[in-house]
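The following report introduces a structure to a reader who has not met it before. The sequence and coordinates are shown first, and the description follows.

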Amino acid sequence: METHERTAQDELAARLRLLQELSGLGVRALARDTGLSSSSLSRYLNGQTVPPWPAVVALCRLVKRDPRPLRPVWERTSNPLPAPPKSSRQARPLPRNDLPRDAPDFTGREAQLAAVLDAVASHRVVSVDGMAGVGKTCLAVHAAHRLAADFPDGRLYVDLHGFTEGREPMDPDSVLRMLLAALDVPSERVPREGVEQLAACWRSELARRRVVVVLDNAADADQVRPLLPGAGDSVALITSRNRLLGLDEVPPVSLDVLSPQESAELLARASGDPGGPDGRLARDPESAAEVLRLCGHLPLALRLAAARLRHRPGWTVGILVERLAEGASEFDTAFAMSLRQLNRSQARLFRMLGLLPGASFDEYVVAALAEVPLRGARATLEDLVDAHLVQQPTPGRYRLHDLVHQHARRAAAEQDSAAERERALGRVLDYYVHAAAAADAAMPFLSPSRTASAGRPPAELPRFTDKNAALAWLVTEYGNLLAAFETAAAVGSDVHVSELPRFLRAYFARRCGTTHLNFLFERSLAAAERLGDPLQLAEAHSDLGFARYNAGRTAEAAAAYEAAELRLSQVQNTQVEAELAMRRGYLSWDAGHVEEPLELFRLAGKLYAQAGCRAGVAHAAASEAWAMLQLGHREEAAQRAREVLSVPHVDPAWPPALTARITLGVAIAQEEPDQAAEHLHQALALARDDGHLHNQAWCLNCLGVALRQMGRYEEALACHREAFALLDELFEEHWKVHFLNGYGETCRLAGRLEEALRLHRQALELAPRLGNRYEEALAHEGIATVLDRTDPAGAAEHRAAGQAVLQDLSPGAQ
């Protein structure tokens, strides 16, 4: 620790000890009265640990001292001299900031704001409750902006949709996955199932960061309880229309309507009224008071009414009163009044926004929804933002307040025919399928997807310049894509349910693991069965089989592939046949067969060539080279891999090239070690750049195998360990079966016999469960080799068992 930092920390500890002396309390009593742990407080007083600022505030307030004079000293201890900047490749991404814009006309609420900040300082969690439109979100967001400087690791916001008409409240499972993704926690490291496990993972991440989280529109205590932080310094601000009585440990702050004075001030500020005797409000105080009454002193209604005055300079306040008085309630009058000021196309688009299934949206989906040009959609959205009917939390993204969303849905039901609403929703579903297909086309994957066929393609789609742009779009739109899928299922649009999941495969491979993808493809297959088209059924069975395969459910994968093959016998589609042959090859290899996969990959290559799919031909050739290598045909494998690498492609991380590089590196490791290492290191760098943890683990394991063949055992072991550390993050144990025996062989040659034995036995336990007979045979042989010197009888027993497995796998076995 630098001298200046230690001096500041010692000074802070000394001043905290003075506060203890003023309190006259011992450490335990002081900890109890301030809500701190006694062990943490002891470290703060001894200068061993820098306390979080809320702890300093709690100590000061206990003895009725102003904490602000301590802030400079605390900041010097908490923010030492910055470390030298890292290179651009190592620089950490900027922390996530999802907070909506702070209201520039925030008015009143001084006591409530102080109560929120006090509750955060003492309990790190606060609940803001009150009726609809009373300003709960505005207060929570304003408080979060005030706190932002003290929470540099992230400012998160999520709408829990506890009171959104036509939509179920978000379940804690989905919310936790969204929040963990917002903290850049790889989804592969997130537990696959169980809210309790997800909540524990969330609390663990918050415990080592300083994050402020706004949980907006909570339905009840059960919805929000798993989302609360545990140990550490992170804080959460909750809003709900209900008092969350089940959260005994969370202090509540209840909001009432604004006072008449605060309402008048908000109306003046939001309407841009200059004030003084010349202002419109001052010239007609009776009408101004009537506006406040009609709006019920509710901030949301006041802002909507003020927007009409601001954008209609020719209006008097009396005209505003007349328009407001025509409605049935504070909200409906404000909304209806706002809508009457819109032209016909603006009003139509606003009504249709109520049909959107997702939480936020961009101009592309709005253009498709309303069937208008992109420029027109953007211009109309800007008009609606100005009228406070649409919010713009970030550039290019829009959302509706839940009350506005309800009004838009009601207005659409009243003014638009059911057929028109159905057509509009169909255009939205068409958009999400075709946009997902465009993003998928920009992402590298094992084999190319067909083009989207559901519905009609929209006039304009987002343009994805590269895979990074496509992945960013998929991350942003993930919630909307799932909402579109659920909406399609709810309205019985089987064509969209059947097709959408296949365009999310590349995204799921990088962000979401396999569990949810299996669930989506199960429903996709059910939709395809209702449609009854043999080709769609063949694709759906094949896709579900591949999802099952990736989840280690090999028997179910085989059954799905058999069903796909049966449907393909009824139609002619060479490319789908080629894709199925590739997938059957992967499954056959995992089942322990050695000749059959090679034949299937060669068949796939011929079929792809017939279909004119050059990318598919390269995929098949790369897999063929890998199979040759496993069979011991090193020279042939190296030659085939070089042929794949000679195929031009704009993306160096293109899967065929990645597979070929790994194959070539292992194949030439003994003869050309330097070149082999170069190929494998380049493959690893590409996999890391692509963000695909499975491929990174594969590259690392193969690099370990190659280094072992070069006699560089310690480097090889380091690669194996890193590969298994990644696999532990994936929470998919079945992947380890591909790497355990190779790791064990490296340990044996490095003289680590006990570790080698443990790894081979782990493979022997896992392989039969997954149906991987070849790895089972290798595990027996590995154990036998380790036991040769110490237990010849045991070695002979395992060697015989391995030979029996191989005999079963031989082509002539019955």
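## Helix pairs and a parallel sheet

Helices α32 and α33 are roughly antiparallel to each other, a label for angles over 145 degrees, whereas under 35 degrees counts as roughly parallel, 65 to 115 as roughly perpendicular and the rest as oblique. The model is a predicted one, in which local features need pLDDT of at least 70 and side-chain atom pairs count only at pLDDT 80 or more, while totals for chains, interfaces and linings use all residues. Residues are numbered from 1 along each chain as its sequence is written, and side-chain values use heavy atoms, with hydrogens and water left out.

Helices (H or I, at least four residues) and strands (E, at least two) are DSSP runs, numbered from the N terminus. Axes are lines fitted to C-alpha atoms, for helices over the stretch in contact, and angles run from 0 to 180 degrees between N-to-C directions. The table sets out two helix pairs.

| Helix pair | Distance between axes | Crossing angle |
|---|---|---|
| α32 (residues 655-667) and α33 (residues 673-690) | within 8 Å | roughly 150 degrees |
| α28 (residues 574-590) and α30 (residues 614-630) | within 11 Å | roughly 20 degrees |

The second angle makes α28 roughly parallel to α30. The crossing of α32 and α33 is left-handed, and that of α28 and α30 is left-handed too; the term applies if the near helix is turned anticlockwise from the far one by less than a right angle, and a clockwise turn is right-handed.

Contact means heavy atoms within 4.5 Å. On the α32 side, L658, R661, I662, L664, G665 and V666 meet residues of α33 that include A676, H679 and L680. In the other pair, M582, Y586 and W589 of α28 meet H619, A620, S623 and Q630 of α30.

The description now turns to the sheet. Five strands form an open sheet in the order β2-β3-β4-β1-β5, with parallel pairing. Its edges are β2 (155-159) and β5 (252-254), each of which has a single partner strand, so one side of each is left without a neighbour in the sheet. From one strand to the next, the twist averages 15 degrees. Two strands pair if DSSP finds at least two bridges between them.

Strand β3 (residues 212-218) pairs with β4 in the parallel sense over five bridges. Here V214 stands opposite L237 of β4, and V212 has V235 as its bridge partner in β4. β3 also pairs with β2 in the parallel sense over five bridges, with D159 opposite D216 in β3. Seven of the seven residues of β3 are buried, so this strand is largely enclosed by the rest of the structure; buried means under 20% relative accessible area, exposed over 50%, and partly exposed in between (1.4 Å probe, protein chains only). Helix α7 (residues 136-147) lies across β1 (125-129), β2, β3 and β4, and runs at about 170 degrees to β4.

One residue of β4 (residues 235-240) is T239. T239 is buried, with a relative accessible area of 0%. Its side chain makes a polar contact with the side chain of D216 at 2.3 Å, and the side chain of T239 also reaches the backbone nitrogen of N217 at 2.8 Å. A polar contact is a pair of N or O atoms within 3.5 Å; within protein, one must be able to donate a hydrogen and the other to accept it, and residues adjacent in sequence count only if both atoms are side-chain atoms. Among the residues that T239 touches, not counting those up to four places away in sequence, are V128, K136, T137 and A140.
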